[in-house]
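Here are some notes for a colleague who is opening this model for the first time. They go through a few places in the chain, one point at a time.

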Amino acid sequence: MAACAPQARQPAVIALPQSAPAAIPAEPPRSRVGLLLPLSGSNRPLGQAMLNAAQLALFDQGDAGVEFLPRDTASTAAGAGEAARTALAEGARAFAGPLTLGETATAAQAARASGAPVLAFTSDAGQGGNGVWVMGVTPAEQAERMAAAAAASGARRLALLAPDEEFGRRLAAGLRARAQALALPPPVILLHPRIADVAQAGRDLAETAGAEGVDAVLLGHGGDRARQAAAALAAALPRPARLLGTTLWAGDATLAQEPALAGALFPGPDPEARAAFDSRYQAAFGERPPRLAGVAYDAAALAARAVREPGGNPPLGQPMLGADGPIRLEPNGLAQRGLAIFALTPAGEPRLVEPAPVPGSPGT
């Protein structure tokens with residue numbers, strides 16, 4: 001029926017001159033940050049968690065002008081050097097990572113030649129300086145924090161029992177420096193062979209301390225060795241001493257099973273800041289982050305800040321809140337962190353004794 005109906009007259013179609021389509025504005029170039037991560041090799045699971053944390057840092061900053069370039073170090077020093085050179089060739093102007101001191105030393109060689117700052121995850125203070133910042137909590141920093149906490153509670157004669165290796169030696173250096181700054185007597189230091197009988201080492205320390213004893217002992221051990229050392233010291237010292245630990249104690253509920261460690265103090269991240277980071281990470285990736293993911297978050301955030309600064313360096317001397325609490329970068333290549341103080345309790349859940357101070361504030 002439609003075919004038989006009268007057809008309406010169609011209007012003439014007039015071609016109009018076409019104007020050129022509006023040009024789509026080009027996307028502005030983004031500043032690039034190299035992420036040097038162990039995405040293969042022995043540390044691959046940790047590398048993936050660190051990549052997640054870095055992505056979370058960029059999301060939290062909400063800066064569309066920064067682009068991350070994740071590059072695999074293959075968990076080796078040679079791989080870290082190659083990853084740094086590759087990222088530099090692709091326009092990276094700052095780095096977050098790598099993980100270990102060996103990887104950091106190799107990657108830093110390439111980065112320093114180009115002037116790109118490196119926010120490394122290592123806790124080896126010897127790597128800091130000349131464009132490299134050590135983002136991990138150093139042993140000396142832990143010893144200084146614990147010495148200050150002990151002195152604030154009235155302790156004057158301090159001691160250290162730790163393995164005779166780099167960790168123990170750096171604890172000793174930090175303890176000596178803080179004791180001198182606080183006008184305390186030189187601490188009693190006993191560094192023992194790594195595989196030595198730690199209980200005997202504790203008795204040796206008590207003998208070295210003499211009849212005067214000590215007010216507080218910092219233990220550079222974790223787990224079962226910390227429990228053995230604590231029990232030996234409690235039995236051998238002429239009077240009770242406050243026992244102190246390191247971040248090795250964080251998350252170890254078994255330490256409180258040793259009666260000698262009741263009330264022992266140790267440093268750790270700011271609980272509120274860390275809980276907030278853990279919550280955001282779990283919401284984004286469906287799992288709780290490992291402890292070192294917080295270091296990656298902070299390093300990535302500061303590296304992103306660096307590429308936006310006029311001089312291309314991260315902000316120095318400015319306290320800011322990181323995944324593990326307050327943090328401030330120093331010109332000497334170290335990241336000063338505000339560490340909270342916790343006490344071991346019989347229930348196994350540590351009790352907050354002192355909140356994390358803001359780095360640079362009086363007493364830090």
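1. A word on pairing comes before anything else: two strands pair if DSSP finds at least two bridges between them. The model is a predicted one. In it, strands β6 and β7 pair in the parallel sense over 5 bridges, and L161 stands opposite L190 in β7.

2. The connection between these two strands is also worth following. Together with helix α5 (residues 166–181), β6 and β7 make a β-α-β unit, and this unit is right-handed.

3. Which face of β7 is covered, and which is uncovered? In this strand (residues 188–192), V188, L190 and H192 make up the covered face, while I189 and L191 lie on the uncovered one. L190, the residue opposite L161, is thus on the covered side.

4. Strand β6 (residues 158–163) also runs parallel to β8, and 4 bridges join the two. Here L158 stands opposite A216 in β8. A216 has a partner in another strand as well: R242 in β9 stands opposite A216. The pairing of β8 with β9 (residues 242–244) is parallel and has 3 bridges. From β8 the chain crosses to β9 through helix α7 (residues 223–236), in a right-handed β-α-β crossover.

5. Strand β8 (residues 216–219) is covered on both faces. A216 and L218 are buried on one side, and V217 and L219 are buried on the other.

6. How do helices α8 and α9 pack? Helix α8 (residues 271–285) meets helix α9 (residues 293–306) at an angle of about 90°, and their axes are 11 Å apart. The two helices are therefore roughly perpendicular, since angles of 65 to 115 degrees count as such. On the α8 side the contact has R274, F277 and R280, and on the α9 side A293, G294 and Y297. By class, these contact residues are 3 nonpolar, 1 polar and 2 charged.

7. A separate item is an open sheet of 3 strands, ordered β11-β12-β13, with antiparallel pairing. Its edge strands are β11 (320–322) and β13 (335–337), each of which pairs on one side only. Neighbouring strands in the sheet are turned by 45° against each other on average, direction ignored. Between β11 and β12 (residues 325–329) there are 3 bridges, and L321 stands opposite P326 in β12.

8. A340 belongs to strand β14 (residues 340–343). Its relative accessibility is 0%, so A340 counts as buried. Leaving out residues up to four places away in sequence, A340 touches, among others, F266, P267, D270, L352 and E354. L352 is 12 residues from A340 in sequence, and the C-alpha atoms of the two are 7.4 Å apart.

9. Some backbone details deserve a check. Most residues other than glycine have a negative phi, and most peptide bonds are trans. A74 is not a glycine but has a positive phi of about 60°, and S75, also not a glycine, has a positive phi of about 60°. A74 lies in the loop between β2 (66–72) and α2 (77–89), as does S75. At 31% relative accessibility A74 counts as partly exposed, whereas S75, at 18%, counts as buried.

10. The bond between G97 and P98 is a cis peptide bond, with omega about 0°. P98 sits in the loop between β3 (92–96) and α3 (101–114).

Methods. Residues numbered from 1 in each chain as written. Predicted model: local features only at pLDDT ≥ 70, side-chain atom pairs only at ≥ 80, totals over all residues. Heavy atoms only, no water. Buried < 20%, exposed > 50% of the residue type's maximum accessible area, 1.4 Å probe, protein only. Right-handed = clockwise from strand over helix to strand, strands pointing away. Axes fitted to C-alpha atoms, helices over the stretch in contact; angles between N-to-C directions. Parallel < 35°, antiparallel > 145°, perpendicular 65-115°, else oblique. Contact = heavy atoms within 4.5 Å. Nonpolar A, V, L, I, M, F, W, Y, C, P; charged D, E, K, R; others polar.
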